[in-house]
Amino acid sequence: MVRDLYLGQRDRLIDQLHALDPNWSYASLGEPGTAQGRLNDLTDLRAQRAAMVYSQTGDTQLLQVETLRTVQRFVDEGYALGTRRFDDGLLSPRLNRNEAIGNFVDQYARQNLQRWFNQYGVSTGATLPIGVNNRAYAADGSYRIPDLRVGNAAFDPTLSLKTASTPQVQGFFNAKFAPSSVTIVRPTALGGSYIIPRPRH
Amino acid sequence: MVTPYKLTIPETVGAVQDLLGTMQLTSPDFTHDMFPGMNIDTTFTELFAGLDNIREAIGGECHEALVAMATEMRKRFEANEVREGNIIAYGMQEMITATAKSRRKKTN
């Protein structure tokens, strides 16, 4: 049953990728033998589809969806690894445990997102629609540095609870790329992520 | 099959810091199932190329020291000495932060 679901979704994605690019070919060494392998296969195909739609049309909507899925995974992994390694004494001692783990989560999420975009041929940069850790300027010349920006959406991996009145979030909304939302990406173990829509004035 | 891994070379001080932080969580193998082909060789290739990219920002002396530390760090990870390698990675992060800050002050 699960295998049938996988095959159905995989074939649908392959058809969509072929429709977008008739020269695209599905590189496969065969059907994955594990549930994780099948999940990775579908995740990869969805990312390829999102990157292809973006490269052909400039539309970032699908990429925003896949990015959220991916950044959540990296935040959860970074939090689990950071917590375990800190408590096992495998990291340099720090004064503040939470701050240290929070820094690791940020760095791990940004690094792997950069790898992920690179893997799918999506360019990033301060002047491009996709940015990882780039300055985002406001009209008055001040700037904030969102960890991640995809089209008109900002993403903030963090351990903290933030709201629309948090200065950093206000700074994102004031930036010239005028995000329609800021997604606070928190570890699932701490309650998970939520979206702050752009305030109405 | 998942799309093969492409080297991701850090181009800024912040990107090198992110790589060093990530290395402390994924040492000593540096593998990830979303990035097949990523390993200790690709990771250190990225690190050394990243250090070259930020040489101007941190200065030749600091660059030389960081290259030596990275070489020692790799030896530690190859010997499965995770904590010792991670301590070196953190030391590199602190050195980069301190050097970049002091060079910015001098410039201003």
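**Exercise 1. Describe the order of helices and strands in chain A, then count them.**

Solution. Read along the sequence, chain A runs α-α-α-α-β-β-β-β-β-α-β-β. The count for chain A is five helices and seven strands. Helices (H or I, at least four residues) and strands (E, at least two) are DSSP runs, numbered from the N terminus.

The model is predicted: local features need pLDDT of at least 70, side-chain atom pairs count only at pLDDT 80 or more, and totals for chains, interfaces and linings use all residues. Residues are numbered from 1 along each chain as its sequence is written, while chains are lettered from A and ligands numbered from 1 in the order in which they are written.

**Exercise 2. State the extent of chain A and what share of its residues is buried.**

Solution. Begin with the C-alpha trace of chain A, which spans about 50 × 45 × 25 Å along its principal axes. Next comes burial: 35% of the 201 residues of chain A count as buried. A residue is buried if 20 or more other C-beta atoms lie within 10 Å of its own, exposed if 12 or fewer, and partly exposed in between, with C-beta atoms placed from the backbone.

**Exercise 3. Locate L190(A) and explain its burial class.**

Solution. L190(A) sits in the loop between β6 (181-185) and β7 (194-197) of chain A. L190(A) counts as partly exposed because it has 14 C-beta neighbours inside 10 Å. As for distance, 27 Å separates the C-alpha atoms of L190(A) and I130(A), which are 60 residues apart along the chain.

**Exercise 4. Describe how the domains of chain A meet.**

Solution. Chain A is divided into domain 1 (1-59) and domain 2 (66-201), with bounds from an automatic or database domain assignment. The C-alpha centres of these two domains of chain A lie 27 Å apart. Seven residues of domain 1 of chain A are in contact with four residues of domain 2 of chain A. Two residues are in contact if their C-beta atoms, placed from the backbone, lie within 7 Å.

**Exercise 5. Describe the contact of chain B with chain A.**

Solution. The contact takes 28 residues from chain A and 23 residues from chain B. On the side of chain B that touches chain A, α1 (13-26) and α5 (82-107) of chain B are the elements that give two or more residues. α1(B) gives the most to this side, with nine residues. By class, this side of chain B has eleven nonpolar, eight polar and four charged residues. Ala, Val, Leu, Ile, Met, Phe, Trp, Tyr, Cys and Pro count as nonpolar, Asp, Glu, Lys and Arg as charged, and the others, Gly among them, as polar.
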